[in-house]
Amino acid sequence: MAHEHATDAEEEYLQTIFWLHEAGLPMTAANLARAMQLSAPTVHEMVGRLERDGYVRRDATKRLEFTDDGLEQARAIVRRHRLIERFLTDVLGIPWDEVHEEAERLEHAMSPVLEQRMLAAIGDAKTCPHGHPIEVGERLPGVPLADVEVGAKVRILRFENEAEDLLHYLKDSGVEPGREGSLAASDDDEVTIAFDSASSTLTRSVAETVSVVADPSPPPRIALPEQLVITKDRYGR
Ligand SMILES: [Zn+2]
């Protein structure tokens with residue numbers, strides 16, 4: 001039987017499962033363990049709890065799927081997370097590379113009334129400061145920056161990995177959702193984008209985590225699970 005409300009720990013798991021789901025990655029306990037940087041037994045135990053509480057099911061191949069209730073709760077926590085991030089940057093003026101961890105703390109404690117007020121306060125903003133849609137399900141198609149050919153026009157769409165260290169690195173390099181430029185160089189180690197007055201160079205492994213709209217565009221590709229680690233700083237730059 002489903003509980004009224006997921007616990008904070010359950011919400012964290014539901015959020016991460018939703019990230020996998022949104023990115024088109026298989027919703028398996030192994031990918032969940034990888035994304036949360038937790039051991040297989042720890043994840044196994046929590047997945048069992050999510051199953052008992054009626055938020056997920058496991059199909060014959062052991063893949064996870066949301067129940068209706070689980071999907072609703074996952075969407076709600078992801079939406080709150082992104083809304084809080086946008087509120088922190090746009091209303092409180094906190095730099096976008098410092099809001100992810102704050103949102104992690106605040107997202108579990110927010111009442112529906114506060115959520116409505118925050119939504120009103122952010123005005124027309126439709127995404128979190130890292131490019132993810134606040135109304136989940138409205139995700140625009142993008143390709144990994146690492147795949148784009150030299151000379152192509154690019155617009156930074158979103159960061160698929162919101163590890164705080166990674167966000168600091170991206171901010172320092174000048175890469176930011178909405179920014180437009182062209183692919184100036186790309187080799188085995190690094191990718192360089194030329195913007196109007198400056199250029200930004202990222203390591204190839206970080207460029208794997210940045211989704212862009214490109215013209216000409218490489219074919220769509222689903223990111224690798226290791227690149228979607230959202231809670232710790234394992235992105236191998
Ligand atoms: Zn974000």
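**Notebook: zinc site, sheet and helix H7**

I began with the zinc ion and read off the spacing of its donor residues in sequence, which is E-x42-C-x1-H-x31-E. I note at the outset that I am working with a predicted model.

Next I looked up which atoms reach the metal: the protein donors are Glu85 through OE, Cys128 through SG, His130 through ND1, and Glu162, which is listed twice through OE, and they lie 1.9 to 2.6 Å from the zinc ion. I then placed two of these residues in the fold, and found Glu85 in helix H4 (residues 68–90) and Cys128 in the loop between helix H6 (112–121) and strand S3 (143–144), so the pair ties together parts that are 43 residues apart in sequence. Are these two donors buried or exposed? Glu85 has 0% relative accessibility and counts as buried, and Cys128, with a relative accessible area of 1%, is buried too.

I turned to the sheet, where I traced six strands in the order S3-S8-S4-S5-S6-S7, forming an open sheet with antiparallel pairing. S3 and strand S7 (199–203) stand at the edges with a single partner strand each, so one side of each is left without a neighbour in the sheet. For one pairing I went into detail: strand S4 (residues 153–159) and strand S8 (residues 210–215) run antiparallel and are joined by six bridges, and within this pair I found Val213 in S8 as the bridge partner of Arg155.

Helix H7 (residues 164–173) packs on this sheet, where I found it touching S4, S7 and S8, with its direction at about 150 degrees to that of S7. I listed its buried residues as Glu164, Leu166, Leu167, Tyr169, Leu170 and Ser173, and checked what they pack against, namely helix H5 (100–106), S4, S7, helix H8 (204–207) and S8. Just after H7, I saw that Gly174 takes a positive phi of about 90 degrees.

From Gly174 I moved to Ile193, which is 19 residues away in sequence and 9.9 Å away in space, C-alpha to C-alpha. Ile193 lies in strand S6 (residues 190–194), and at 1% relative accessibility I count this residue as buried. Which residues is Ile193 in contact with, leaving aside its neighbours within four places in sequence? I recorded Leu145, Val154, Ile156, Val175, Gly181, Ser182, Leu183, Ala184, Ala198, Ser199 and Ser200.

Conventions:
Residues are numbered from 1 along each chain as its sequence is written. This is a predicted model: local features need pLDDT of at least 70, side-chain atom pairs count only at pLDDT 80 or more; totals for chains, interfaces and linings use all residues. Side-chain values use heavy atoms; hydrogens and water are left out. Donors are N, O and S atoms within 2.8 Å of the metal (3.2 Å for Na, K and Ca); water is not among the atoms, so sites may look incomplete. Helices (H or I, at least four residues) and strands (E, at least two) are DSSP runs, numbered from the N terminus. Buried means under 20% relative accessible area, exposed over 50%, partly exposed in between (1.4 Å probe, protein chains only). Contact means heavy atoms within 4.5 Å. Two strands pair if DSSP finds at least two bridges between them. Axes are lines fitted to C-alpha atoms, for helices over the stretch in contact, and angles run from 0 to 180 degrees between N-to-C directions.
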